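The exercises below are meant to be worked with the sequence and the model side by side. Each consists of a task, followed by a solution that goes step by step.

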Amino acid sequence: MLQSLTGNSCVRLIQSNKSAWYFMFLVLGYVLYLIFGAVVFSSVELPYEDLLRQRLRGIKRQFLQEHECLSEERLEMFLSKALEASNYGVSILNNASASWNWDFTSSLFFASTVLSTTGYGHTAPLSDGGKAFCIIYSVIGIPFTLLFLTAVVQRIMVYSTWRPIMYVHTRWGLSKPLVALVHATLLAVVAVSCFFLIPAAIFSALEENWNFLESFYFCFISLSTIGLGDYVPGEAFNQRFRELYKLGITVYLLLGLIAMLVVLETFCELQQLKQLRKMFYLKKEKPQDRLSIMEHDHLAFSSMPDGTINSPQEDKTEPFVDFPVLTSPGGQTRHDRKRSV
(Lines give C-alpha, C1' and ligand atoms only; values in the text may rest on other atoms or scores of the structure.)
Protein backbone atom coordinates (compact mmCIF):
# COMPACT_ATOMS: atom_id res chain seq x y z
CA MET A 1 0.00 0.00 0.00
CA LEU A 2 2.80 2.38 0.96
CA GLN A 3 4.73 1.56 -2.21
CA SER A 4 1.69 2.26 -4.40
CA LEU A 5 1.12 5.61 -2.70
CA THR A 6 4.79 6.51 -3.11
CA GLY A 7 4.71 5.52 -6.78
CA ASN A 8 1.57 7.56 -7.40
CA SER A 9 3.09 10.59 -5.68
CA CYS A 10 6.24 10.31 -7.82
CA VAL A 11 4.17 10.06 -10.99
CA ARG A 12 2.14 13.10 -9.98
CA LEU A 13 5.33 15.00 -9.17
CA ILE A 14 6.83 14.21 -12.57
CA GLN A 15 3.65 15.05 -14.44
CA SER A 16 3.23 18.35 -12.61
CA ASN A 17 6.81 19.40 -13.46
CA LYS A 18 7.15 18.14 -17.02
CA SER A 19 8.67 21.40 -18.25
CA ALA A 20 11.38 21.30 -15.58
CA TRP A 21 12.28 17.70 -16.40
CA TYR A 22 12.36 18.43 -20.12
CA PHE A 23 14.60 21.43 -19.42
CA MET A 24 16.98 19.30 -17.36
CA PHE A 25 17.23 16.78 -20.21
CA LEU A 26 17.82 19.69 -22.61
CA VAL A 27 20.71 21.02 -20.51
CA LEU A 28 22.18 17.54 -20.18
CA GLY A 29 21.88 16.95 -23.91
CA TYR A 30 23.57 20.29 -24.67
CA VAL A 31 26.48 19.55 -22.33
CA LEU A 32 26.91 16.10 -23.86
CA TYR A 33 26.83 17.65 -27.34
CA LEU A 34 29.59 20.08 -26.32
CA ILE A 35 31.68 17.22 -24.98
CA PHE A 36 31.04 15.19 -28.14
CA GLY A 37 32.22 18.12 -30.30
CA ALA A 38 35.34 18.59 -28.18
CA VAL A 39 36.23 14.89 -28.46
CA VAL A 40 35.77 14.83 -32.22
CA PHE A 41 37.68 18.07 -32.87
CA SER A 42 40.52 16.98 -30.61
CA SER A 43 40.84 13.53 -32.20
CA VAL A 44 40.69 14.92 -35.75
CA GLU A 45 42.76 18.11 -35.47
CA LEU A 46 45.39 17.22 -32.88
CA PRO A 47 47.43 14.97 -35.23
CA TYR A 48 47.46 17.69 -37.90
CA GLU A 49 48.60 20.26 -35.34
CA ASP A 50 51.42 18.00 -34.20
CA LEU A 51 52.47 17.38 -37.80
CA LEU A 52 52.51 21.11 -38.55
CA ARG A 53 54.55 21.85 -35.43
CA GLN A 54 57.15 19.24 -36.38
CA ARG A 55 57.31 20.61 -39.93
CA LEU A 56 57.87 24.18 -38.69
CA ARG A 57 60.55 23.05 -36.24
CA GLY A 58 62.32 21.27 -39.10
CA ILE A 59 62.21 24.36 -41.30
CA LYS A 60 63.52 26.50 -38.45
CA ARG A 61 66.33 24.05 -37.68
CA GLN A 62 67.34 23.91 -41.34
CA PHE A 63 67.30 27.70 -41.59
CA LEU A 64 69.60 28.06 -38.58
CA GLN A 65 71.99 25.46 -40.00
CA GLU A 66 72.18 27.34 -43.29
CA HIS A 67 72.73 30.69 -41.52
CA GLU A 68 75.10 30.01 -38.68
CA CYS A 69 75.75 33.72 -38.15
CA LEU A 70 72.17 34.17 -36.96
CA SER A 71 71.40 33.19 -33.39
CA GLU A 72 68.22 31.40 -32.42
CA GLU A 73 67.28 34.20 -29.98
CA ARG A 74 67.34 36.86 -32.70
CA LEU A 75 65.32 34.64 -35.02
CA GLU A 76 62.74 34.07 -32.26
CA MET A 77 62.50 37.81 -31.67
CA PHE A 78 61.99 38.49 -35.36
CA LEU A 79 59.34 35.79 -35.72
CA SER A 80 57.43 37.01 -32.67
CA LYS A 81 57.28 40.53 -34.10
CA ALA A 82 56.16 39.22 -37.48
CA LEU A 83 53.45 37.04 -35.97
CA GLU A 84 52.24 39.88 -33.76
CA ALA A 85 51.86 42.10 -36.83
CA SER A 86 50.16 39.28 -38.70
CA ASN A 87 47.51 39.10 -35.97
CA TYR A 88 46.55 42.66 -36.91
CA GLY A 89 46.41 41.83 -40.61
CA VAL A 90 49.81 43.29 -41.48
CA SER A 91 52.21 41.04 -43.34
CA ILE A 92 55.90 41.62 -44.05
CA LEU A 93 55.86 39.49 -47.20
CA ASN A 94 56.69 41.30 -50.43
CA ASN A 95 53.64 39.96 -52.23
CA ALA A 96 51.34 41.40 -49.54
CA SER A 97 52.76 44.92 -49.48
CA ALA A 98 50.41 46.14 -52.22
CA SER A 99 47.26 45.29 -50.21
CA TRP A 100 46.04 47.75 -47.59
CA ASN A 101 43.72 46.68 -44.79
CA TRP A 102 42.24 50.10 -44.04
CA ASP A 103 41.31 51.61 -47.38
CA PHE A 104 37.63 52.53 -47.79
CA THR A 105 36.36 49.23 -49.17
CA SER A 106 38.31 47.18 -46.65
CA SER A 107 37.05 49.42 -43.84
CA LEU A 108 33.49 49.04 -45.13
CA PHE A 109 33.94 45.28 -45.12
CA PHE A 110 35.31 45.44 -41.57
CA ALA A 111 32.39 47.58 -40.40
CA SER A 112 29.90 45.10 -41.85
CA THR A 113 31.58 42.18 -40.08
CA VAL A 114 31.54 44.08 -36.79
CA LEU A 115 27.88 45.08 -36.97
CA SER A 116 26.78 41.61 -38.10
CA THR A 117 28.89 40.09 -35.26
CA THR A 118 30.72 37.92 -37.81
CA GLY A 119 34.13 39.26 -36.85
CA TYR A 120 36.66 37.36 -38.96
CA GLY A 121 39.55 38.57 -36.85
CA HIS A 122 41.98 38.86 -39.77
CA THR A 123 41.93 42.65 -39.34
CA ALA A 124 41.79 44.53 -36.04
CA PRO A 125 42.23 48.18 -35.04
CA LEU A 126 45.85 49.13 -34.49
CA SER A 127 45.52 52.41 -32.58
CA ASP A 128 43.94 53.08 -29.19
CA GLY A 129 41.57 55.55 -30.82
CA GLY A 130 40.44 52.91 -33.29
CA LYS A 131 39.83 50.39 -30.50
CA ALA A 132 37.82 52.93 -28.47
CA PHE A 133 35.76 53.91 -31.51
CA CYS A 134 35.16 50.23 -32.29
CA ILE A 135 33.62 49.76 -28.84
CA ILE A 136 31.32 52.79 -29.15
CA TYR A 137 30.48 51.96 -32.77
CA SER A 138 29.54 48.39 -31.82
CA VAL A 139 27.48 49.35 -28.77
CA ILE A 140 25.30 51.59 -30.93
CA GLY A 141 25.56 49.70 -34.21
CA ILE A 142 24.77 46.13 -33.15
CA PRO A 143 21.32 46.95 -31.68
CA PHE A 144 20.72 49.21 -34.67
CA THR A 145 21.61 46.33 -36.98
CA LEU A 146 19.25 43.98 -35.11
CA LEU A 147 16.45 46.53 -35.45
CA PHE A 148 17.20 46.99 -39.14
CA LEU A 149 17.34 43.26 -39.86
CA THR A 150 14.16 42.61 -37.87
CA ALA A 151 12.24 45.23 -39.83
CA VAL A 152 13.55 43.98 -43.17
CA VAL A 153 12.86 40.33 -42.37
CA GLN A 154 9.34 41.13 -41.13
CA ARG A 155 8.48 42.82 -44.42
CA ILE A 156 10.04 40.07 -46.51
CA MET A 157 8.15 37.42 -44.55
CA VAL A 158 4.85 38.91 -45.69
CA TYR A 159 5.61 38.12 -49.34
CA SER A 160 7.90 35.11 -48.93
CA THR A 161 6.05 33.13 -46.28
CA TRP A 162 2.69 34.32 -44.96
CA ARG A 163 0.92 35.18 -48.20
CA PRO A 164 2.09 32.09 -50.15
CA ILE A 165 1.03 29.79 -47.32
CA MET A 166 -2.38 31.43 -46.99
CA TYR A 167 -2.88 31.40 -50.76
CA VAL A 168 -2.19 27.67 -51.08
CA HIS A 169 -4.20 26.93 -47.95
CA THR A 170 -7.29 28.79 -49.15
CA ARG A 171 -6.97 27.95 -52.84
CA TRP A 172 -6.51 24.18 -52.57
CA GLY A 173 -7.84 23.64 -49.06
CA LEU A 174 -4.73 21.86 -47.85
CA SER A 175 -3.75 21.60 -44.22
CA LYS A 176 -2.01 24.77 -43.10
CA PRO A 177 0.73 23.02 -41.03
CA LEU A 178 1.50 20.74 -43.99
CA VAL A 179 1.66 23.69 -46.41
CA ALA A 180 3.93 25.59 -44.01
CA LEU A 181 6.28 22.59 -43.68
CA VAL A 182 6.57 22.08 -47.45
CA HIS A 183 7.02 25.82 -48.00
CA ALA A 184 9.78 26.03 -45.38
CA THR A 185 11.59 23.10 -46.98
CA LEU A 186 11.42 24.64 -50.46
CA LEU A 187 12.52 28.02 -49.10
CA ALA A 188 15.52 26.39 -47.41
CA VAL A 189 16.49 24.63 -50.64
CA VAL A 190 16.31 27.90 -52.58
CA ALA A 191 18.33 29.76 -49.91
CA VAL A 192 21.03 27.07 -49.80
CA SER A 193 21.29 27.08 -53.59
CA CYS A 194 21.41 30.87 -53.97
CA PHE A 195 23.62 31.72 -50.98
CA PHE A 196 25.77 28.61 -50.48
CA LEU A 197 26.16 26.42 -53.56
CA ILE A 198 26.31 29.11 -56.26
CA PRO A 199 28.54 31.51 -54.26
CA ALA A 200 30.81 28.60 -53.32
CA ALA A 201 31.29 27.81 -57.00
CA ILE A 202 32.03 31.49 -57.70
CA PHE A 203 34.52 31.78 -54.83
CA SER A 204 36.31 28.60 -55.88
CA ALA A 205 36.75 30.12 -59.34
CA LEU A 206 37.88 33.56 -58.12
CA GLU A 207 40.14 32.41 -55.28
CA GLU A 208 43.14 30.47 -56.60
CA ASN A 209 43.84 28.50 -53.43
CA TRP A 210 40.25 27.58 -52.58
CA ASN A 211 38.47 24.44 -53.64
CA PHE A 212 34.70 24.02 -53.56
CA LEU A 213 34.66 22.61 -50.02
CA GLU A 214 36.70 25.50 -48.67
CA SER A 215 34.49 28.00 -50.47
CA PHE A 216 31.33 26.37 -49.11
CA TYR A 217 32.96 26.35 -45.69
CA PHE A 218 33.58 30.09 -45.95
CA CYS A 219 29.96 30.76 -46.95
CA PHE A 220 28.61 28.74 -44.04
CA ILE A 221 31.01 30.21 -41.45
CA SER A 222 30.19 33.72 -42.66
CA LEU A 223 26.39 33.52 -42.94
CA SER A 224 26.11 31.70 -39.64
CA THR A 225 28.08 34.66 -38.11
CA ILE A 226 30.70 32.28 -36.69
CA GLY A 227 33.46 34.10 -38.54
CA LEU A 228 36.59 32.10 -37.77
CA GLY A 229 38.68 34.17 -40.15
CA ASP A 230 40.79 31.35 -41.54
CA TYR A 231 39.34 32.01 -45.01
CA VAL A 232 38.75 35.60 -46.09
CA PRO A 233 38.22 36.42 -49.79
CA GLY A 234 40.01 39.22 -51.58
CA GLU A 235 43.24 38.96 -49.59
CA ALA A 236 45.45 37.57 -52.37
CA PHE A 237 48.28 39.84 -53.48
CA ASN A 238 47.33 39.54 -57.16
CA GLN A 239 43.59 40.01 -56.64
CA ARG A 240 42.10 41.89 -59.59
CA PHE A 241 39.52 44.61 -58.93
CA ARG A 242 40.04 44.17 -55.21
CA GLU A 243 37.92 47.17 -54.17
CA LEU A 244 34.95 46.10 -56.25
CA TYR A 245 35.40 42.52 -55.09
CA LYS A 246 35.34 43.58 -51.42
CA LEU A 247 32.23 45.68 -52.01
CA GLY A 248 30.49 42.74 -53.66
CA ILE A 249 31.39 40.47 -50.74
CA THR A 250 29.94 43.02 -48.31
CA VAL A 251 26.65 43.09 -50.21
CA TYR A 252 26.62 39.28 -50.40
CA LEU A 253 27.10 38.92 -46.65
CA LEU A 254 24.31 41.38 -45.88
CA LEU A 255 21.83 39.77 -48.28
CA GLY A 256 22.83 36.28 -47.19
CA LEU A 257 22.32 37.15 -43.54
CA ILE A 258 18.83 38.49 -44.30
CA ALA A 259 18.00 35.32 -46.26
CA MET A 260 19.18 33.10 -43.41
CA LEU A 261 17.06 35.04 -40.92
CA VAL A 262 14.01 34.69 -43.18
CA VAL A 263 14.54 30.93 -43.39
CA LEU A 264 15.06 30.60 -39.64
CA GLU A 265 11.98 32.69 -38.87
CA THR A 266 9.95 30.58 -41.30
CA PHE A 267 11.01 27.38 -39.56
CA CYS A 268 10.40 28.89 -36.13
CA GLU A 269 6.78 29.57 -37.06
CA LEU A 270 6.13 25.92 -37.93
CA GLN A 271 3.50 24.39 -35.71
CA GLN A 272 5.67 21.33 -35.12
CA LEU A 273 8.56 23.41 -33.77
CA LYS A 274 6.24 25.51 -31.66
CA GLN A 275 4.99 22.36 -29.96
CA LEU A 276 8.58 21.24 -29.44
CA ARG A 277 9.57 24.57 -27.87
CA LYS A 278 6.62 24.45 -25.49
CA MET A 279 8.10 21.31 -23.94
CA PHE A 280 11.07 23.29 -22.57
CA TYR A 281 9.50 26.69 -21.85
CA LEU A 282 7.81 27.76 -18.67
CA LYS A 283 4.07 27.88 -19.01
CA LYS A 284 2.80 31.44 -18.92
CA GLU A 285 -0.20 32.25 -16.78
CA LYS A 286 -2.84 33.43 -19.17
CA PRO A 287 -5.68 35.81 -18.26
CA GLN A 288 -8.11 32.91 -18.78
CA ASP A 289 -6.21 30.93 -16.16
CA ARG A 290 -6.50 33.76 -13.64
CA LEU A 291 -10.18 34.10 -14.49
CA SER A 292 -10.78 30.41 -13.89
CA ILE A 293 -8.99 30.68 -10.54
CA MET A 294 -11.20 33.59 -9.55
CA GLU A 295 -14.31 31.69 -10.62
CA HIS A 296 -13.16 28.67 -8.62
CA ASP A 297 -12.69 30.84 -5.52
CA HIS A 298 -16.05 32.45 -6.14
CA LEU A 299 -17.75 29.06 -6.32
CA ALA A 300 -16.01 28.02 -3.12
CA PHE A 301 -17.34 31.08 -1.35
CA SER A 302 -20.82 30.60 -2.77
CA SER A 303 -20.99 27.11 -1.25
CA MET A 304 -20.88 28.63 2.25
CA PRO A 305 -24.08 29.30 4.25
CA ASP A 306 -26.21 32.25 3.23
CA GLY A 307 -25.44 34.09 6.41
CA THR A 308 -21.70 34.24 5.74
CA ILE A 309 -21.64 35.51 2.16
CA ASN A 310 -24.06 36.55 -0.51
CA SER A 311 -24.99 34.17 -3.30
CA PRO A 312 -23.69 34.72 -6.84
CA GLN A 313 -27.14 35.90 -7.94
CA GLU A 314 -27.15 38.55 -5.24
CA ASP A 315 -23.66 39.66 -6.25
CA LYS A 316 -24.80 40.14 -9.83
CA THR A 317 -27.77 42.32 -8.89
CA GLU A 318 -26.46 44.26 -5.93
CA PRO A 319 -23.23 46.26 -5.85
CA PHE A 320 -20.38 45.59 -3.47
CA VAL A 321 -20.68 49.08 -1.94
CA ASP A 322 -23.96 50.22 -0.37
CA PHE A 323 -24.93 53.46 -2.05
CA PRO A 324 -27.56 55.72 -0.41
CA VAL A 325 -31.08 55.13 -1.68
CA LEU A 326 -32.52 58.12 -3.48
CA THR A 327 -36.02 59.10 -2.27
CA SER A 328 -38.58 61.39 -3.76
CA PRO A 329 -39.86 64.44 -1.94
CA GLY A 330 -42.97 62.39 -0.95
CA GLY A 331 -40.87 59.81 0.83
CA GLN A 332 -41.07 57.03 -1.79
CA THR A 333 -37.98 55.47 -3.19
CA ARG A 334 -37.37 55.38 -6.92
CA HIS A 335 -37.92 51.63 -6.95
CA ASP A 336 -41.28 51.94 -5.10
CA ARG A 337 -42.46 54.61 -7.53
CA LYS A 338 -41.71 52.34 -10.49
CA ARG A 339 -43.66 49.49 -8.91
CA SER A 340 -46.62 51.74 -8.11
CA VAL A 341 -46.69 52.94 -11.70
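**Exercise 1.** Determine how many residues the largest nonpolar core has, and which of them have the most contacts inside it.

*Solution.* The model is a predicted one, in which local features need pLDDT of at least 70 and side-chain atom pairs count only at pLDDT 80 or more, while totals for chains, interfaces and linings use all residues. Residues are numbered from 1 along each chain as its sequence is written, and side-chain values use heavy atoms, with hydrogens and water left out.

Begin with the criterion: a nonpolar core is a set of buried Ala, Val, Leu, Ile, Met, Phe, Trp, Tyr and Cys residues joined through side-chain atoms within 4.5 Å, where buried means under 20% relative accessible area, exposed over 50% and partly exposed in between, with a 1.4 Å probe and protein chains only. The largest such core has 26 residues, and F203, L223, Y252 and L253 are those with the most contacts inside it. Two or more residues come from each of helix 5, helix 6, helix 7 (212–223) and helix 8, helices being DSSP runs of H or I with at least four residues, and strands runs of E with at least two, numbered from the N terminus. Helix 8 gives the most to this core, with 10 residues.

Next, take L223: with neighbours within four places in sequence left aside, L223 is in contact (heavy atoms within 4.5 Å) with F195, F196, Y252, L253, G256, L257 and M260. A second, separate core of five residues includes I165, A180, A184 and L270.

**Exercise 2.** Establish at what angle the axes of helix 6 and helix 8 cross, and what kinds of residue meet there.

*Solution.* Axes are lines fitted to C-alpha atoms, for helices over the stretch in contact, and angles run from 0 to 180 degrees between N-to-C directions. The axes of helix 6 and helix 8 (residues 242–268) come within 10 Å and cross at roughly 160°. Helix 6 and helix 8 are therefore roughly antiparallel to each other, given that angles under 35 degrees count as roughly parallel, over 145 as roughly antiparallel, 65 to 115 as roughly perpendicular and the rest as oblique.

For the composition, residues of helix 6 including A191, F195 and F203 meet residues of helix 8, among them Y252, G256 and M260. The residues of this contact divide into 18 nonpolar, four polar and no charged, where Ala, Val, Leu, Ile, Met, Phe, Trp, Tyr, Cys and Pro count as nonpolar, Asp, Glu, Lys and Arg as charged, and the others, Gly among them, as polar.

**Exercise 3.** Repeat the analysis for helix 5 and helix 6.

*Solution.* The axes of helix 5 (residues 128–172) and helix 6 (residues 176–206) come within 10 Å and cross at roughly 135°, which makes helix 5 oblique to helix 6. In this contact, helix 5 residues including P164, I165 and H169 meet helix 6 residues, among them K176, A180 and L187. The contact residues divide into seven nonpolar, four polar and one charged.

**Exercise 4.** Find where T225 lies, and state the sign of its phi.

*Solution.* T225 is found in the loop between helix 7 and helix 8. Most residues other than glycine have a negative phi. The phi of T225, however, is near 60°, a positive value in a residue other than glycine. At 26% relative accessibility, T225 counts as partly exposed.
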